[in-house]
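Visitor: I should like a close look at one part of this model, namely the surroundings of the ligand, set in their wider context. Please state the cut-off behind each term as it arises.

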Amino acid sequence: IQQILLNDRPKGMPSSDTFKTVSAELPAPVEGEVLVKPVYFSVDPYLRGRMQDEKSYIPPFKIQEPIESGGVAAVVESKDTRFREGDLVMPSNGKNFFPWATACIFSGDHLRKIDSSIPPTYYLGVMGMPGLTAYFGLMDIGKPKAGETVVISGAAGAVGLVTGQIAKIQGCRVVGIAGGAEKVQMLTDEFNFDAAIDYKNNPDMTAAIGAACPNGVDIYYDNVGGEISDAVMYHLNPFARIPVCGQIALYNSTEIPMGPRVQPTLIKFSVLMQGFTIGNYAARYQEGIKQLGEWVKTGKIKFTETIVEGFDQLPTALLGLFSGKNSGKMIVKV
Ligand code: NDP
């Protein structure tokens with residue numbers, strides 16, 4: 001089998017030195033074990049954080065060990081009566097990830113079969129971690145009310161697309177920020193956003209946000225941080241809420257740049273700014289999955305994916321997140 005290891009901890013943007021592909025052999029599965037072949041891997045921005053040896057909500061990857069991420073795998077050989085060859089499975093019961101390997105052995109206790117009534121990749125996107133992040137971050141921290149204005153950065157990505165559509169379902173005016181003319185057109189034409197701003201071709205983001213939000217901003221769902229967030233700060237309404245979901249603009253920074261000091265704005269306008277990780281909502285995942293499932297089934301939420309083919313493309317696909325190569329969920333098909 002092939003495995004992709006963390007070769008070295010990157011400084012700044014990861015490079016080809018960050019990853020190493022090696023061959024390995026697997027033993028045969030013993031009683032209670034299942035041999036699986038990952039079919040789809042999720043690549044996600046937080047994987048960059050796990051390459052760093054620092055205190056976090058999740059331990060760092062170990063050097064010279066396989067990187068791991070979410071995924072859907074097919075059972076190849078099972079020594080657990082609950083699974084049969086061909087079943088599609090995901091990690092479960094305290095396990096969330098598959099190693100970046102073309103096959104691996106898992107205890108049957110740490111696998112669950114997925115329901116084939118929805119596309120398997122949806123478990124990595126709209127019905128999985130990104131969808132739940134959109135749902136809980138917006139509903140629990142953002143607390144949207146009909147008529148309010150919601151601004152979403154990283155709007156054309158996995159979390160952003162779902163967040164925008166949930167905000168529309170709640171009756172809000174929704175403004176997305178994304179990179180490139182195609183992405184902003186996709187947001188308004190296909191995903192029902194009221195307006196969208198192309199930050200890559202907009203020299204004055206503060207003015208652009210002001211123009212797109214004539215009534216100010218009540219919720220800023222932040223996926224990116226940095227200068228885009230600085231620009232939104234000037235338009236916050238009294239009692240605005242800011243779910244701080246991600247700061248992808250800063251994940252490869254070797255020094256964190258200083259933006260405008262936000263505290264005076266937060267005080268003057270009684271703004272709530274709260275970071276979160278989706279794990280905070282583990283006890284409520286079923287609620288989120290049920291609600292997202294209904295919206296997907298009734299067509300109220302649509303979704304798109306960027307599927308990159310080939311196990312060896314995992315590093316490239318991961319790096320592609322940092323230059324916006326994806327629309328919707330970035331997935332690697334092995
Ligand atoms: P996306 O599908 O949104 O992919 C990342 C996107 O970020 C890219 O497509 C790109 O879009 C945008 N981007 C990359 N670099 C920059 C930059 N320098 N400035 C502005 N935009 C940039 O990823 P996810 O939906 O999986 O994640 C979105 C955010 O949510 C990330 O910050 C992630 O870390 C966070 N997250 C947080 C979770 C939590 O529990 N708190 C859980 C899941 C995700 P574009 O072309 O528009 O630039």
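**Two domains and the ligand shell**

Guide: The C-alpha centres of domain 1 and domain 2 lie 29 Å apart. The model is predicted; local features require pLDDT of at least 70 and side-chain atom pairs count only at pLDDT 80 or more, while totals for chains, interfaces and linings use all residues. Residue numbers start from 1 along each chain as its sequence is written. Domain 1 comprises 2–125 + 303–333, and domain 2 comprises 130–279; these bounds come from an automatic or database domain assignment.

Where the domains touch, domain 1 supplies 15 residues and domain 2 supplies 17 residues, contact being defined by C-beta atoms, placed from the backbone, within 7 Å. On the domain 1 side of this contact there are 5 nonpolar, 7 polar and 3 charged residues. Here Ala, Val, Leu, Ile, Met, Phe, Trp, Tyr, Cys and Pro count as nonpolar, Asp, Glu, Lys and Arg as charged, and the others, Gly among them, as polar.

The ligand is surrounded by 32 residues, of which the closest are Gly157, Ala158, Gly179, Gly246 and Gly324; a residue is near the molecule if its C-beta atom, placed from the backbone, lies within 6 Å of it. Helix H2 (129–142) and helix H3 (158–169) are the elements that give two or more residues to this shell. Helices (H or I, at least four residues) and strands (E, at least two) are DSSP runs, numbered from the N terminus. By class, the shell around the ligand holds 18 nonpolar, 12 polar and 2 charged residues. Each of domain 1 and domain 2 contributes at least three residues to the shell.

The wider context includes an open sheet of 6 strands, ordered S12-S11-S10-S13-S14-S15, with parallel pairing; strands pair if DSSP finds at least two bridges between them. At its edges are strand S12 (195–198) and strand S15 (272–275), each paired on one side only. From one strand to the next, the twist averages 15°; axes are lines fitted to C-alpha atoms, for helices over the stretch in contact, and angles run from 0 to 180 degrees between N-to-C directions. Strand S14 (residues 236–244) is joined to S15 by 4 bridges, and Ile242 has Met273 in S15 as its bridge partner.

Two helices pack on this sheet. Helix H4 (residues 181–190) touches strand S11 (173–178) and S12, and its direction makes about 170° with that of S12. Helix H5 (residues 205–212) touches strand S10 (149–153), S11 and S12, at about 175° to the direction of S12.

Antiparallel pairing is also present: strand S5 (residues 71–78) meets strand S6 (residues 88–91) over 2 bridges, with Ala74 opposite Leu88. S6 is further joined by 3 antiparallel bridges to strand S9 (residues 111–113), where Lys113 is the bridge partner of Val89.

For the protein chain as a whole, there are 9 helices and 17 strands. Its radius of gyration is 20 Å, close to the 20 Å that the globule rule gives for 334 residues, so the chain is as compact as a globular protein of that length. That radius is taken over C-alpha atoms, and the rule is 2.2 Å times the number of residues to the power 0.38.
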